[in-house]
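Reader: I should like a close look at one part of this model, with its surroundings described afterwards. Please take the structure below as the starting point.

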There are 2 protein chains.
Amino acid sequence: MYDLLIHNGTFVTVDAEETIYPNGILAVDGNQITAIGPRPDSDPLPPAGETVDAGGGIVLPGLVNAHTHLPMVLFRGLADDLPLMTWLNDHIFPAEAALITPPNVRAATRLSCAELLLAGVTTCCDGYFLEDTVAGVVEEMGLRAVLGQGIIDTPAPGVADPEHNIAVAKAFIQQWRTRCPLIRPSVFCHAPYTCGPETLQAAKALARAAGVLLQIHVAETRDEVSQMRARYGCSPVVHLDRLGLLDRDTLMVHGVWLDDAEIALAADRGAGIVHCPESNMKLGAGIAPVTRFLAAGLTVGLGTDGCASNNNQDLFKEMDAAAKLHKVASSDPTVVSAAEALNMATIDGARAIGLDAAIGSLEVGKQADIIILDGRHPRLHPLHNPVSQAVYAAGGDCVRDTIVAGRFRVRNRRLVGWELKSILAPVEKAARPLR
Amino acid sequence: MYDLLIHNGTFVTVDAEETIYPNGILAVDGNQITAIGPRPDSDPLPPAGETVDAGGGIVLPGLVNAHTHLPMVLFRGLADDLPLMTWLNDHIFPAEAALITPPNVRAATRLSCAELLLAGVTTCCDGYFLEDTVAGVVEEMGLRAVLGQGIIDTPAPGVADPEHNIAVAKAFIQQWRTRCPLIRPSVFCHAPYTCGPETLQAAKALARAAGVLLQIHVAETRDEVSQMRARYGCSPVVHLDRLGLLDRDTLMVHGVWLDDAEIALAADRGAGIVHCPESNMKLGAGIAPVTRFLAAGLTVGLGTDGCASNNNQDLFKEMDAAAKLHKVASSDPTVVSAAEALNMATIDGARAIGLDAAIGSLEVGKQADIIILDGRHPRLHPLHNPVSQAVYAAGGDCVRDTIVAGRFRVRNRRLVGWELKSILAPVEKAARPLR
């Protein structure tokens, strides 16, 4: 007898063969998928602890949001449509200095987790400060996550003296190494222009010794690349490579301004990259050369970035934006297909953060991270093509159920075990000093 | 005593002063707004037939989707990621020839209307064939609309012989001229490359005589512009102007490839334009020069286009795409601000379709076309800036209530008077032959 059976849906597995079961059935035991396949109409349903009717909806692997700053939801809509440096120096940095305290981080992270789960994200890869507080909330909310304590050569929330940034990151890793089966600690180096060579090398040494992922923003803006060239005489990726930072356990974020040599180098070293199209668009940063990333064989995940620069955490919207942006950028409607965008938001994102053996597709032996799109939603009709529907028609609000490691975290569009009101009120209170 | 009072929300009026009432109150009598303003905390609520608590949500004018092809929802996801001509010739045209029948148009239009109302669109400007059938459904669903019977120099659904295209359009106008207070008939000329000069002039003469809007696709693709230059020795807008088509009652759609002379000419003639960013992106058509449209003083509305090329009818997503696309296209995060995007989706869209005296803002004397964004939705917190929230954070599924001409069409996220199931099943049935 299975613990959980899901039937009566179109199952998009995102396995290597891109198998789709138009009328499928999937079984879960404990936290794992133990069976998946087509369901002959005449077969009776096998017995199970719980049987869930997907209601003719689309069943997908839980989405992987490969780049977030969960607590920054506190600044959603605080300062938009501004020049990048005005936005950062006059609004975001002062707001962070004033408001990023453990209670506020707790309140904000809870909202972000609610928003992610309700929109079908089962795994996120986060980098921020006070990450220990972030991790506590993520554990409580039942999201799967790779979480990186921030490292930067300037004072930051919880790390008043940058001298201690490596030590704080190390303590974070030790604390979360085995504490929660859904959480993997990581190191989040802010960027090569905000961290000196010594910091970068110490951070990588720490990550390597602990066997964890190193996340780093790279080449987000053209200015950053000019600065790097002026300071180090080379491009950011070459700089990172010279310092020994590039390998399979390094995740670059943005990469808007990578040139072909950097792309080839990153591909050769096996480093993954996270594409954040909506953030890059909104800040006017530029259009990442994603078609060239894919051609070079780079592993490309998809991220919403933090809510100060997006301003939502809907990975369905991000898939849609990625697919459309590169079509218009290249004047070619065939590039970044719906299937490629869905791969980025699932299996490729999982691969980029080192979790593809466990998640990212609906396959036997993988973790039961599963979402069901609501078959009653008008946007999902008529159903000609479930992949196209998920990428171009759906939005996060089409998610009916979200299951992480076999447990329902969202059921019938409601968080399980949480009153939304009790999550929203503390965030409004925390944000009030900014009005 | 008012018929309807709405209170306890942030009212974004979109009036000329961009007035926002952080704690506002609005009164409706019959189909009109009769009062709006701030609400002093201590004031008791005046008596009203119905009092609606906006629940701390954002109250906006109903959105104006200024370019749709409602029945094309039947082809949502049918054929994506294909070269433009393959998509059109091998998929869309054959599907139209086979499936655009009155019963199918009825089923599909009902779904589109449901989708629009649920996502906060209270007015749409549509152009298609069998528009008489479209109009019947729009009337039934209670949407406000400008509806144009299609004119094209090739056989089309319901107009087997193009010789009759003007006569069919004329009959449509006569039939709908006074039939429904929410519907205004219009003429929809497909495009200058699919309609010869005589057809264009006859269509404009018909529209002018009837005092209705002429809608026309213009300069959607670069190929189209080359074709026009080869055939007529001038750009599409100059061609239309030479034929006498450009005036305040002409609405151009797309305008992706307009040059500065065309923009100046259109502005001089007072013709409006509809920007459809997501359709243009997905088909790889190009990026319309919207910042130049705005600088030239053109009236710019916003449209989702038909569901064959988008594939949804969420104008919130379209606002977000418009704001972000032009930022990245111009490397300037200050262009197409949230307020400008909201204007396009409300008052400027209303102006473009000739309805700005009646709709597009929350002002005394205007029609009571009002939407309420759900204050309980996690994406709408914290609330620093309601305009930014509506454009960058919200989606169509954040709409709690939709009111058209004083009548609730959506209440608590449900269509009033319709079972969604009874709308979805006929569309699935109609679409089945395409599988």
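In β9(B), which residue is the bridge partner of I151(B)?

Author: The model is a predicted one. In it, I151(B) has C189(B) as its bridge partner in β9(B). The two strands concerned are β8, residues 144–151 of chain B, and β9, residues 183–189 of chain B, and seven bridges pair them in the parallel sense.

This pair belongs to a wider arrangement. An open sheet of eight strands runs in the order β6-β7-β8-β9-β10-β11-β12-β13 in chain B, with parallel pairing. At its edges stand β6 (63–68) and β13 (300–302) of chain B; each has a single partner strand, so one side of each is left without a neighbour in the sheet. From one strand to the next, the twist averages 25 degrees. Helix α11(B) packs on the sheet, where it touches β6, β7 (121–128), β12 (272–275) and β13 of chain B. The direction of α11(B) makes about 130 degrees with that of β13(B).

Helix α11 (315–330) of chain B also leads to the contact with the other chain, for it is among the elements that give two or more residues to the side of chain B touching chain A. In that contact, 54 residues of chain B meet 53 residues of chain A. The other elements contributing two or more residues are α2 (102–118), α9 (277–282), α14 (386–393) and α15 (420–431) of chain B. By character, the residues on this side of chain B divide into 24 nonpolar, 15 polar and 15 charged.

A turn of 180 degrees with a shift of 0.0 Å along the axis lays chain B on chain A with an RMSD of 0.0 Å. The two copies are therefore related as by a two-fold rotation axis. The same surface serves both copies, since 98% of the contact residues of chain B recur in chain A. Among the residues of chain B, D397(B) comes closest to the rotation axis, with its C-alpha at 3.1 Å.

A further set of strands in chain B pairs in the antiparallel sense. Strand β14 (residues 370–373) of chain B is joined to β15(B) by four bridges, and the two run antiparallel; here I372(B) stands opposite D401(B). Strand β15 (residues 399–404) of chain B is mostly covered, with six of its six residues buried. Three bridges pair β15(B) in the antiparallel sense with β16 (residues 407–411) of chain B, and F408(B) in β16(B) is the bridge partner of I403(B). The hairpin of β15(B) and β16(B) has two residues between the strands, and in it A405(B) takes a positive phi near 50 degrees.

Definitions and conventions:
Residues are numbered from 1 along each chain as its sequence is written. Chains are lettered from A and ligands numbered from 1 in the order in which they are written. This is a predicted model: local features need pLDDT of at least 70, side-chain atom pairs count only at pLDDT 80 or more; totals for chains, interfaces and linings use all residues. Two residues are in contact if their C-beta atoms, placed from the backbone, lie within 7 Å. Ala, Val, Leu, Ile, Met, Phe, Trp, Tyr, Cys and Pro count as nonpolar, Asp, Glu, Lys and Arg as charged, and the others, Gly among them, as polar. Copies are superposed by least squares on the C-alpha atoms of residues with pLDDT of at least 70 in both. Two strands pair if DSSP finds at least two bridges between them. Axes are lines fitted to C-alpha atoms, for helices over the stretch in contact, and angles run from 0 to 180 degrees between N-to-C directions. A residue is buried if 20 or more other C-beta atoms lie within 10 Å of its own, exposed if 12 or fewer, and partly exposed in between; C-beta atoms are placed from the backbone.
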